[in-house]
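This briefing is intended for a reader at the bench who has the sequence and the model at hand. Please keep both in view while working through the points below.

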Amino acid sequence: MLPTLTYLQFHALFVVPVVAGLALTATYRLGNRRDVLTGTAILAGLALVYTTPWDGALIRRGVWWYGDGAVLVRFWSIPLGEYLFFVLQTAMVGLWVARFRVDTERQLATPMRTRLVGLAAALVVVLSGLVLLRSDSGLYLGSLLVWSGPILAIQWAFGWQFLAKEWRTVGGATLVPAAYLCGIDSVAIRLGVWTLSKQYTTGYTIPLLDLPIEEAVFFFLTTLFVVQGVVLYIWLRDRWE
């Protein structure tokens, strides 16, 4: 039987070395070092504030739980490792997207009709989540989509056209870390660091990883939030200057 890691050991093995490696080899093609790090730090703080209530509610509901001895300390029912994940994932993605380039010469001014398109797209995500919430098996995925809606609404209303034109940067900067996070999440589940409830998940998985679809969507969306946030922040800073 495979040994169970603690949550903090999981970070020490799979997350902290990657963040450290990216920090040591960082190249700031996206913008200057100060702006990239400032934008990433702001997003890390927002991730802590915005994710904590949702995450804690799902833990208390029993959507997922942790293996025996995997959690050493909790705050408001949330393991310390979970809080660290919010910050470390944001740092990882911020340092990764810094290696890409964007054309910040595009004007910030955006017609209201264009902004409404971004809001409408985010509303579709929220409505999809509400439909899933009608059944127990849709609780995790549905609440995830509803929770992500306000973030997508802000980012897409502000600059979905800019993000679409920079699709190579947004796509490349999102898919690589999201794939890595899905991979290590699959390892953590196999080792019993955490377990997802069958009652509150759809049962669909990513075949190669045997990873619940909810986890894949979570890491894709949260990585996308950081990538879009940093890219939009750099665009905004450059246009102001």
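The notes that follow cover record annotations, one helix, the enclosed and open spaces, and several individual residues.

The structure is a predicted model. The unreviewed UniProt entry annotates transmembrane regions and a "Lycopene cyclase" domain. A search of the whole structure finds 1 cavity of 30 Å³ or more, and the largest pocket holds about 820 Å³ of space.

**Annotations from the UniProt record**

- According to the unreviewed UniProt entry, the annotation "transmembrane region" applies to residues 6-24, 36-54, 83-102, 114-133, 139-163, 175-196 and 216-236.
- In the model, residues 6-24 are 95% helix and 0% strand, with 26 Å between the end C-alpha atoms.
- Residues 36-54 are 100% helix and 0% strand, and their end C-alpha atoms are 27 Å apart.
- The same unreviewed entry assigns "domain: Lycopene cyclase" to residues 14-96 and 153-227.
- The span 14-96 is 69% helix and 8% strand, and 16 Å separates its end C-alpha atoms.
- The span 153-227 is 71% helix and 9% strand, and 15 Å separates its end C-alpha atoms.

**Helix α6**

- Helix α6 comprises the 25 residues 167-191. At 1.5 Å a residue the helix should span 36 Å, and its end C-alpha atoms are 36 Å apart, so the expected and modelled values agree.
- Gly192, just after α6, has a positive phi of about 80°.

**The largest cavity and Ala70**

- The largest cavity contains about 50 Å³ of space.
- Its lining consists of Thr6, Tyr7, Leu8, Ala70, Val71, Leu72, Val73, Leu80 and Gly81.
- Helices α1 (7-24) and α3 (80-97) each contribute at least two residues to this lining.
- By character, the cavity lining has 7 nonpolar residues, 2 polar residues and no charged residues.
- Ala70, one of the lining residues, sits in the loop between β1 and β2 (74-75).
- Ala70 has a relative accessibility of 2%, which is under the 20% cut-off, and therefore counts as buried.
- Beyond its neighbours within four places in sequence, Ala70 is in contact with Leu5, Thr6, Tyr7 and Val193.
- Ala70 and Gly81 are 11 residues apart in sequence, and their C-alpha atoms are 9.5 Å apart in space.

**The largest pocket**

- The lining of the largest pocket, which holds about 820 Å³ of space, is made up of 38 residues. Leu43, Ala47, Ile151, Phe225 and Val226 are those nearest the pocket centre.
- Two or more lining residues come from each of α2 (33-61), β1 (64-66), α3, α5 (139-165), β4 (194-196) and α7 (213-240).
- Helix α7 provides the largest share of the lining, with 11 residues.
- The lining divides into 27 nonpolar, 7 polar and 4 charged residues.

**The second largest pocket**

- The second largest pocket contains about 210 Å³ of space.
- The residues lining the second largest pocket are Ile189, Thr195, Leu196, Ser197, Lys198, Thr201, Gly203, Tyr204, Thr205, Asp210, Pro212 and Glu214.
- Of the residues lining the second largest pocket, 4 are nonpolar, 5 polar and 3 charged.

**Gln228 in helix α7**

- Gln228 is located in helix α7.
- The relative accessible area of Gln228 is 4%, under the 20% cut-off, so Gln228 is buried.
- Leaving out residues up to four places away in sequence, Gln228 touches Leu152, Gln155, Trp156, Leu163 and Val170.

**Positive phi values between β2 and β3**

- Most residues other than glycine have a negative phi.
- Trp76 is not a glycine, yet has a positive phi of about 55°. This residue lies in the loop between β2 and β3 (78-79).
- The relative accessibility of Trp76 is 71%, over the 50% cut-off, so Trp76 counts as exposed.
- Ser77, also not a glycine, has a positive phi near 75°. Ser77 is likewise found in the loop between β2 and β3.
- At 23% relative accessibility, Ser77 falls between the 20% and 50% cut-offs and therefore counts as partly exposed.

Terms used
Residues numbered from 1 in each chain as written. Predicted model: local features only at pLDDT ≥ 70, side-chain atom pairs only at ≥ 80, totals over all residues. Heavy atoms only, no water. UniProt positions renumbered as here; feature names shortened; annotations may be inferred. Helix = DSSP H or I, 4+ residues; strand = E, 2+ residues; numbered from the N terminus. 1 Å grid on protein atoms, 1.4 Å probe; cavity = no way out; pocket = protein on both sides within 12 Å on 5 of 7 lines; lining within 4 Å. Points joined across faces, edges and corners; volume = space filled by probe spheres on them. Nonpolar A, V, L, I, M, F, W, Y, C, P; charged D, E, K, R; others polar. Expected span 1.5 Å × (residues − 1). Buried < 20%, exposed > 50% of the residue type's maximum accessible area, 1.4 Å probe, protein only. Contact = heavy atoms within 4.5 Å.
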